[in-house]
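Hi there,

Here is the structure I promised to pass on. Have a look at it first, and then read on for my notes.

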Amino acid sequence: MDETKLEVRFTLASRRAPHGSRQGAGQQQDQQTSPGLVPRVARLLALAMRFQDMVDRGEVRDFADLARLGYVTRARITQIMDLTLLAPDIQEEILFLPPTTAGRDPIKEKDVRAIAAIPHWHRQRKVWSTVRESASLPLS
């Protein structure tokens with residue numbers, strides 16, 4: 001009986017470094033060339049606008065329908081949709097926030113939800129200016 005050995009060697013490169021470990025050279029290069037991430041609050045506002053458009057066109061019946069389709073609670077859909085209650089100029093500023101290149105987003109969704117709960121756009125603008133200043137964002 002003829003025995004032949006077959007030996008296969010290969011190396012797998014992990015794509016994600018374990019928590020707390022050093023990053024590979026390729027990941028560091030990606031961070032340097034990456035344009036950054038669109039802030040979460042901007043993505044949620046864009047999503048809310050898209051949802052409102054879907055409801056307006058009759059693609060979905062109501063926000064409860066969106067919640068069922070998205071596997072989220074109706075309360076969460078309400079939180080997202082309330083972002084459309086912001087003054088139009090605030091919405092525009094949020095949509096054009098600079099990308100986050102490192103760390104956390106300077107403006108949190110929670111802060112913006114508190115502003116959206118204010119029924120007067122003039123008061124919203126005052127609170128927004130303080131939030132924007134605390135996040136060290138330039139005036140637009």
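How much area does the protein chain expose, and what percentage of it do carbon and sulfur atoms supply? The exposed area is about 11,000 Å², and carbon and sulfur atoms account for 54% of it. Please keep in mind that this is a predicted model.

**Overall layout**

The protein chain has 7 helices and 0 strands, so the pattern along the sequence reads α-α-α-α-α-α-α. It has 140 residues, of which 28% count as buried. If you take the contacts between residues at least 6 apart in sequence, 62% of them join residues at least 24 apart.

**The core**

The largest nonpolar core holds 27 residues, and the members that touch the most others are L86, I94, I107, V112 and W128. Two or more residues each come from α2 (40–56), α3, α4, α5 (88–95), α6 (109–116) and α7 (121–134). Helix α2 gives the largest share, with 7 residues.

W128 is a good place to start browsing. Leaving aside residues up to four places away in sequence, W128 touches I90, E93, I94, I107, V112 and I115. Three of those names, I94, I107 and V112, also appear with W128 among the core residues that touch the most other members.

Q124 is worth a look as well. This residue lies in helix α7, and it counts as buried because its relative accessibility is 1%, where the limit is under 20%. Again without residues up to four places away in sequence, the contacts of Q124 are L85, L86, A87, I90, I115, A116 and I118. I90 and I115 are touched by Q124 and also by W128.

**Helix α3 and what follows**

Which residues of α3 are buried? They are A64, D65, L66 and A67, and the buried residues of this helix pack against α2 and α4. After α3 comes Y71, with a positive phi near 55°. Y71 is a residue other than glycine, and its place is the loop between α3 (63–70) and α4 (74–81). Is Y71 buried or exposed? Its relative accessibility is 78%, so Y71 counts as exposed.

**Salt bridges**

A search of the whole structure turns up 7 salt bridges. Here are some that you may want to inspect.

- E109 and R76 meet through their side chains at 2.8 Å, N to O. Because E109 sits in helix α6 and R76 in helix α4, this pair ties together parts that are 33 residues apart in sequence. E109 counts as buried, at 12% relative accessibility.
- D89 and R125 form a salt bridge at 2.9 Å, N to O. D89 belongs to helix α5 and R125 to helix α7, so the pair links parts that are 36 residues apart in sequence. D89 is partly exposed at 31% relative accessibility, and R125 is partly exposed at 34%.
- E59 and R57 have side chains that meet at 2.6 Å, N to O. E59 is partly exposed, with a relative accessible area of 43%, and R57 counts as partly exposed at 47%.

Which residues do salt bridges with shared partners join into one network? They are D53, R57 and E59, so the E59 and R57 pair listed above is part of that network.

**A nonpolar patch on the surface**

Finally, have a look at M49, L95 and F96. Together they form a nonpolar patch on the surface, with about 290 Å² of accessible area. M49 is located in helix α2, and its relative accessible area of 31% makes it partly exposed.

If you are opening the model with little time, I would suggest beginning with W128 and its contacts, then moving to Q124 in helix α7, and ending with the pair E109 and R76, which joins α6 and α4.

Happy browsing, and all the best!

Terms used
Residues numbered from 1 in each chain as written. Predicted model: local features only at pLDDT ≥ 70, side-chain atom pairs only at ≥ 80, totals over all residues. Heavy atoms only, no water. Helix = DSSP H or I, 4+ residues; strand = E, 2+ residues; numbered from the N terminus. Buried < 20%, exposed > 50% of the residue type's maximum accessible area, 1.4 Å probe, protein only. Contact = heavy atoms within 4.5 Å. Areas by Shrake-Rupley, 256 points an atom, 1.4 Å probe, with all protein chains shown as cover. Core = buried A, V, L, I, M, F, W, Y, C linked by side-chain atoms within 4.5 Å. Patch = residues over 30% accessible without salt bridge, like charges linked within 9 Å, V, L, I, M, F, W, Y side chains within 5 Å. Salt bridge = Lys/Arg side-chain N within 4 Å of Asp/Glu carboxyl O.
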